[in-house]
Amino acid sequence: MSMVTIGMREPELCLSRLILSLHSIPEYAYVSSWPILDRKLGSVSAVAIDGDGNVVIFHRASHVWTLASFDSENRYQEATGGPIAEQAVLKFNRDNGALLQEWGSNLFYMPHGLTLDHEQNYWLTDVALHQVFKFDLARSTTAPVLTLGTRFEPGNDMYHYCKPTAVAVLQSGEFFVADGYCNGRIVKYTAEGVPTMSWGRNSFILTRTFTLAPGPVPENFFAIPHALTLVGDRELLCVADREQGRVQCFHTGNGTFHSQYSSPEMIGSRLFSVKYVHADGGLLYTINGPQFDLNVKPVGGYIIEMSSGSVVGRFQPNNSKHAFSNPHELAVTDDGTEVYVAELDPQMVHKFRRIPKATQPQGEHITDSSASYLTRANVHPEANGMSSALTASSIGIFSMVSTLIVTSLLVILMARVICFRSGQGSSRFDEVPLRNMAGDEG
């Protein structure tokens, strides 16, 4: 069992920022003209990528989660208004943004999670219905092949949920459900939908029924397990522990705790989603959200290196028209070349495209008008002109010494700049209604 936590004091944070600037990590440009759509979306709660590389979103159309949506027992109060009449699931061409397919009308009340498994089944969660659905579109877009949970009935046994949030599916067909806003647990099932184990306890201050001991919250406690991702090459399931601002990872076989990733100094106190990418030794792509601390952090996407636990990158629109306000979920292509972020308000989906290495600027902020906020410095020592009398061995020694001197001077200079520069600007906290937290929404 390992604990990889990025809680740092100021000197350590300074060093982390310096490592970030020197680290060779992906950089992303914002694609502002994607997707192409002739209608207004509702709050986009989820985004995923199918086996053909198309992008699928799950949105709430005209339905809005407010303080009045649920009573004190988590029962949905607006069921008499009927399900969402609009098509709630939309599929887009990843390249040109054209709408390819739409379905899901008159099925859902309050969409939340969307997962596409290796067999291209759609797994969707509805927090109003307290249910999880599995759809095989080759059979039907109106009748699920598997339904878990009891319609409009919250509960905490193995056959009831309370606002379930997300699903993750193993290659074996076994799957996990994050349950969710009230129960704070993970439940594992056979491929047929038979529960086999569960773990976790609710530590969310607004819904827990016990007193939590002072100090750091231990592992296996969740303040809203909000999103799931599988780390297949390490046989792990990682959970976005939303209100505790951390990612917790567990062994898929038995649910035991493996590791934890957090960065209060950089990401902040809330973390809405996480996705794993195998590239570059294993990266966790995360998205935070609006925070309620005095020292709030900018809302944006952060990339965590699993081996070290370091935050090694960031992606965020750099113009006010498309700036993050309340991002909810993200999806990343297997090779890490594209990132998609679902936003509750403004109601949209963002696209980022990886900048090819050959075109990435070196040692400065990306200056393209659509680029993300990501700083990077690459050191390329150049050999000085040398006499032909020098041997190959002398050249090597001279090069190594020169490199060490130049690099040392650069590190000292960059440390001074990074450690003592001013903050990173507004977090757009004023644009986020407080009801989103008070109403358990997000």
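This is a short selection-by-selection tour of a predicted model.

**Stop 1: the whole chain**

Start with everything shown and coloured by secondary structure. The protein chain has three helices and 26 strands. Of its 442 residues, 53% count as buried. Now switch on the surface: the accessible area of the chain comes to about 19100 Å², and carbon and sulfur atoms hold 54% of that. If you like contact maps, take those contacts in the chain that link residues at least 6 apart in sequence; 54% of them join residues at least 24 apart.

**Stop 2: V47 and L114**

Next, select V47 and L114, where UniProt, in an unreviewed entry, places the feature "binding site". They span 68 residues in sequence, yet their C-alpha atoms are no more than 6.6 Å apart, so they gather at one spot.

Are these two buried or exposed? V47 is buried, because its relative accessible area is 1%, under the 20% cut-off. L114 also counts as buried, at 5% relative accessibility.

Zoom in on V47, in strand β2. Setting aside neighbours within four places in sequence, V47 is in contact with residues including V55, V56, I57, L114, E329, L330, Y340 and V349. Then move to L114, which lies in strand β6. With the same kind of neighbours within four places left out, the contacts of L114 include A46, V47, F58, Y122, W123 and L124.

**Stop 3: the largest nonpolar core**

Keep L114 selected and add F58, V89, F108, Y122, L124 and F135. Within the largest nonpolar core, which has 29 residues, these seven touch the most other members. The elements that give two or more residues to this core are β2 (44–49), β3 (55–59), β6 (111–116), β7 (122–126) and β8 (131–135).

Centre the view on L124. Beyond residues up to four places away in sequence, L124 touches F58, V89, W103, F108, G113, L114, Q131, V132, F133 and F135.

**Stop 4: the β4–β5 hairpin**

Select residues 89–92 (β4) and 99–103 (β5): these strands run antiparallel and are joined by four bridges. Which residue of β5 is the bridge partner of L90? That partner is E102. Between the two strands of the hairpin sit six residues, and G97 takes a positive phi near 80 degrees.

**Stop 5: residues 162–192**

Finish by selecting 162–192, which an unreviewed UniProt entry annotates as "repeat: NHL". This stretch is 52% strand and 0% helix, and its end C-alpha atoms are 21 Å apart.

Definitions and conventions: Residues are numbered from 1 along each chain as its sequence is written. This is a predicted model: local features need pLDDT of at least 70, side-chain atom pairs count only at pLDDT 80 or more; totals for chains, interfaces and linings use all residues. Side-chain values use heavy atoms; hydrogens and water are left out. Two strands pair if DSSP finds at least two bridges between them. A nonpolar core is a set of buried Ala, Val, Leu, Ile, Met, Phe, Trp, Tyr and Cys residues joined through side-chain atoms within 4.5 Å. Buried means under 20% relative accessible area, exposed over 50%, partly exposed in between (1.4 Å probe, protein chains only). Contact means heavy atoms within 4.5 Å. UniProt positions are given in the numbering used here, feature names are shortened, and annotations may be inferred rather than shown by experiment. Accessible areas come from the Shrake-Rupley method with a 1.4 Å probe; for residues, only the protein chains shown count as cover.
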